[in-house]
Amino acid sequence: MRFNRILLSSTLVVVALVIQVSVLARLQLPGAVPDLVLLTVLGLALVYGHVGGALIGFGAGLLSDLAPPADHAAGRYALVLCVVGYLAGLAKPETGRLRSATGPLVVVVGAAIGSTLLYAGVGALVGDTAARHVGLGGLLFTAALYDLLLAPFTVPLIIALARRADNDPLGESSSGAKATDVSEGWLSSGTGLRIGNQRGGLRMKAAKARVARAGRIKGVKRL
């Protein structure tokens, strides 16, 4: 991953984690907690693809495992978000352009349900039965509902920031033309040289000089 991708992804994940722990987790909503970290991973995965989504998901999940007040084994949520980020990255369009909001919303619902099931499954393997107090059905419904309501306010913004930080990957076809324009602009304005205008000025001066000489010759002949 490029440096700008790593910097942006780290910043967004840390901000999302702080908001989720300090604000969303204290709302005391029934059922699940709105997962802003999951939505951040999804938005970045839809831009960076499955490899980037897996790496970002693992890092975001590991931070979530270590951030207080985490009460589960470290690496559990890292595994969940790594798998979710990889699968969400597979939904990235080939051209990188999302034609409608239906696709991302389907990805959000699927990721919310899948991450909850995977998290509960891993918890069952390690003996964590905390989900039984709420009920798996209630967790699935509330997780999908909360993430779906929060997604329109977060995922498009994250996608826009990722594309801008990545120097607009949608415009790769025009990057050569942009580079040519930049080089031409630098040659004409940055160095103070205007090659075309300079040639035109020299030609005009030469033409005026020839006209003046012709006039002088005619005047001498008349005398």
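How much accessible surface does the protein have, and what share of it belongs to carbon and sulfur atoms? Show the surface of the whole protein to begin. The accessible surface comes to about 13,900 Å². Carbon and sulfur atoms hold 65% of that surface. Keep in mind that this is a predicted model.

**Stop 1: the whole chain**

Switch to a cartoon view. The protein has seven helices and zero strands. Follow the sequence from start to end, and the pattern reads α-α-α-α-α-α-α. Now colour by burial. Of the 223 residues in the protein, 32% are buried. Next, think about contacts between residues with a separation of 6 or more. Of those contacts, 74% join residues 24 or more positions apart.

**Stop 2: the loop after H1**

Select helix H1, residues 3-22, and move on into the loop that leads to H2. Val23 lies in this loop. Is Val23 buried, partly exposed or exposed? Val23 counts as partly exposed because its relative accessibility is 42%. Now add Val15, Ile19, Leu27 and Leu29 to your selection. Together with Val23, these residues make a nonpolar surface patch of about 380 Å².

Stay in the loop between H1 and H2, and pick Gln28. Gln28 has a relative accessible area of 74%, so Gln28 is exposed. Check its backbone too. The phi of Gln28 is near 55°. That is a positive value in a residue other than glycine.

**Stop 3: three residues of H2**

Select helix H2, residues 36-66. Three residues here are worth a close look.

Start with Val37, which sits in helix H2. Val37 is buried because its relative accessible area is 1%. Which residues does Val37 touch, leaving out those up to four places away in sequence? The answer is Ala16, Leu17, Gln20, Ala60, Ser64 and Leu81. Draw a C-alpha to C-alpha distance from Val37 to Ser64. The two are 27 residues apart in sequence and 8.3 Å apart in space.

Go on to Thr40, also placed in helix H2. Its relative accessibility is 3%, so Thr40 counts as buried. Beyond residues up to four places away in sequence, Thr40 touches Leu12, Val13, Ala16 and Ile158.

Then pick Val41, again in helix H2. Is Val41 buried or exposed? Val41 is buried because its relative accessible area is 0%. Setting aside residues up to four places away in sequence, Val41 touches Gly53, Ile56, Gly57, Ala60, Leu81 and Gly85. Draw one more C-alpha to C-alpha distance, from Val41 to Gly59. These residues are 18 apart in sequence and 9.7 Å apart in space.

**Stop 4: helix H3**

Select residues 76-89, which form helix H3. This helix has 14 residues. From its first C-alpha to its last, H3 reaches 20 Å, close to the 20 Å expected at 1.5 Å a residue. Which residues of H3 are buried? They are Arg76, Tyr77, Ala78, Val80, Leu81, Val84, Gly85, Ala88 and Gly89. Show H2 and H4 as well. Both are among the elements that cover the buried residues of H3.

A rule helps when you look down any such helix. An α-helix has 3.6 residues a turn, so residues three or four places apart point the same way.

**Stop 5: helix H4**

Select residues 102-126 for helix H4. H4 has 25 residues. Its reach from first C-alpha to last is 36 Å, close to the 36 Å expected at 1.5 Å a residue. The buried residues here are Pro104, Val107, Val108, Ala111, Ala112, Ser115, Thr116, Val122 and Gly123. What covers them? The cover includes H2, H3 and H5.

**Stop 6: the core**

Finish inside. The largest nonpolar core has 33 residues. Select Leu38, Leu42, Leu44, Tyr48 and Leu81, which have the most contacts inside this core. Which helix gives the most to the core? H2 does, with 13 residues. H1, H2, H3, H4 and helix H5 (136-165) each supply at least two residues.

End on Leu42. Ignore its neighbours within four places in sequence, and Leu42 is in contact with Val84, Ala88, Val107, Val108 and Ala111. Val84 and Ala88 are among the buried residues of H3. Val107, Val108 and Ala111 are among the buried residues of H4.

Terms used
Residues numbered from 1 in each chain as written. Predicted model: local features only at pLDDT ≥ 70, side-chain atom pairs only at ≥ 80, totals over all residues. Heavy atoms only, no water. Helix = DSSP H or I, 4+ residues; strand = E, 2+ residues; numbered from the N terminus. Expected span 1.5 Å × (residues − 1). Buried < 20%, exposed > 50% of the residue type's maximum accessible area, 1.4 Å probe, protein only. Contact = heavy atoms within 4.5 Å. Patch = residues over 30% accessible without salt bridge, like charges linked within 9 Å, V, L, I, M, F, W, Y side chains within 5 Å. Areas by Shrake-Rupley, 256 points an atom, 1.4 Å probe, with all protein chains shown as cover. Salt bridge = Lys/Arg side-chain N within 4 Å of Asp/Glu carboxyl O. Core = buried A, V, L, I, M, F, W, Y, C linked by side-chain atoms within 4.5 Å.
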